[in-house]
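This report describes how selected side chains are arranged in one protein chain. Please keep the sequence and the structure at hand while reading.

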Amino acid sequence: MRFNIISIITLSFMISCGPTVVYGDYVNSDGMTRKEIESIHNHPHVQIGISSYYGKKFHKKRTASGQIFDMHKISAAHRTLPLGTRIRVTNLKNGKSLTMTIIDRGPFIKGRILDVSYKAARKLGFVNKGTTKVRIDVLRLGNNKYYK
């Protein structure tokens, strides 16, 4: 009897000394950590900067979201916004705007904040120039989901 009590006390002491959930270890049902969730909510909802477009070189290739890139559809690439985020992009040179979804990562050229598909660039009116100054308004944050 005395051995059982000592065993129970020892066992409970060992369990209480085990690892605990720390700040970065929390994962929600979508597989996102607490740090990722906070970075999404703290992300600026309006950005202004230079946008470019991408087309033939990446046409029919897999994007960071797992989807196949189609230069003839409207989509965008952003470095930090969660994949699946809906944004409104406004060309500040001519006032044209368009709603699109972030499906890829990029641009990887210093000084640029957004890459849009060829069709989006055509509708925004900067295909001939290649780049333009844009305003990005976040409409709905995505869930960073990868599609197989």
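Two residues are said to be in contact when heavy atoms of each lie within 4.5 Å. The structure shown here is a predicted model.

**The nonpolar core**

With that definition in place, Met100 can be examined. Neighbours within four places in sequence are left aside, and Met100 is then in contact with Ile74, Ser75, Ala76, Thr85, Arg86, Ile87, Val89, Val116, Ala120 and Leu124. Met100 also belongs to the largest nonpolar core, which has 18 residues. Together with Ala76, Ile87, Val89, Ile102, Leu114 and Val116, Met100 is among the residues with the most contacts inside this core. Several elements contribute to the core: strands β3 (86-91), β4 (97-104), β5 (112-117) and β6, as well as helix α3, each supply at least two of its residues.

**Aromatic pairs**

How many aromatic pairs does a search of the whole structure find? The search finds four. In one of these, Tyr53 and Phe126 meet edge-to-face, with 6.2 Å from centre to centre and 70° between the planes. This pair links distant parts of the chain, as its members are 73 residues apart. Tyr53 belongs to strand β1, whereas Phe126 is found in the loop between α3 (118-124) and β6 (131-140). Ring pairs also join Tyr53, Tyr118 and Phe126 into a cluster.

**A salt bridge**

Side chains of opposite charge can pair when their charged atoms come close. In this model the count comes to one salt bridge. The side chains involved are those of Arg135 and Asp137, with a distance of 3.0 Å from N to O.

**A patch on the surface**

Strand β1 (residues 46-54) also contains Val46. On the surface, Val46 forms a nonpolar patch with Ile48 and Leu92, and their accessible area together is about 250 Å².

**Burial of selected residues**

The table gives the relative accessibility of residues discussed above.

| Residue | Relative accessibility | Class |
|---|---|---|
| Val46 | 39% | partly exposed |
| Tyr53 | 28% | partly exposed |
| Phe126 | 1% | buried |
| Arg135 | 32% | partly exposed |
| Asp137 | 13% | buried |

Buried means under 20% relative accessible area. Phe126 therefore counts as buried, because its relative accessibility is 1%. Its ring partner Tyr53 counts as partly exposed because its value is 28%. The salt bridge likewise joins two classes: Asp137 is buried at 13%, while Arg135 is partly exposed at 32%.

Terms used
Residues are numbered from 1 along each chain as its sequence is written. This is a predicted model: local features need pLDDT of at least 70, side-chain atom pairs count only at pLDDT 80 or more; totals for chains, interfaces and linings use all residues. Side-chain values use heavy atoms; hydrogens and water are left out. Patches are made of residues with over 30% relative accessible area and no salt bridge: like charges are joined within 9 Å, nonpolar side chains (Val, Leu, Ile, Met, Phe, Trp, Tyr) within 5 Å. Accessible areas come from the Shrake-Rupley method with a 1.4 Å probe; for residues, only the protein chains shown count as cover. A salt bridge is a side-chain nitrogen of Lys or Arg within 4 Å of a carboxyl oxygen of Asp or Glu. Helices (H or I, at least four residues) and strands (E, at least two) are DSSP runs, numbered from the N terminus. Buried means under 20% relative accessible area, exposed over 50%, partly exposed in between (1.4 Å probe, protein chains only). Rings of Phe, Tyr and Trp (its six-membered ring) pair if their centres lie within 6.5 Å; planes under 30 degrees apart count as stacked, over 60 as edge-to-face and the rest as tilted. A nonpolar core is a set of buried Ala, Val, Leu, Ile, Met, Phe, Trp, Tyr and Cys residues joined through side-chain atoms within 4.5 Å.
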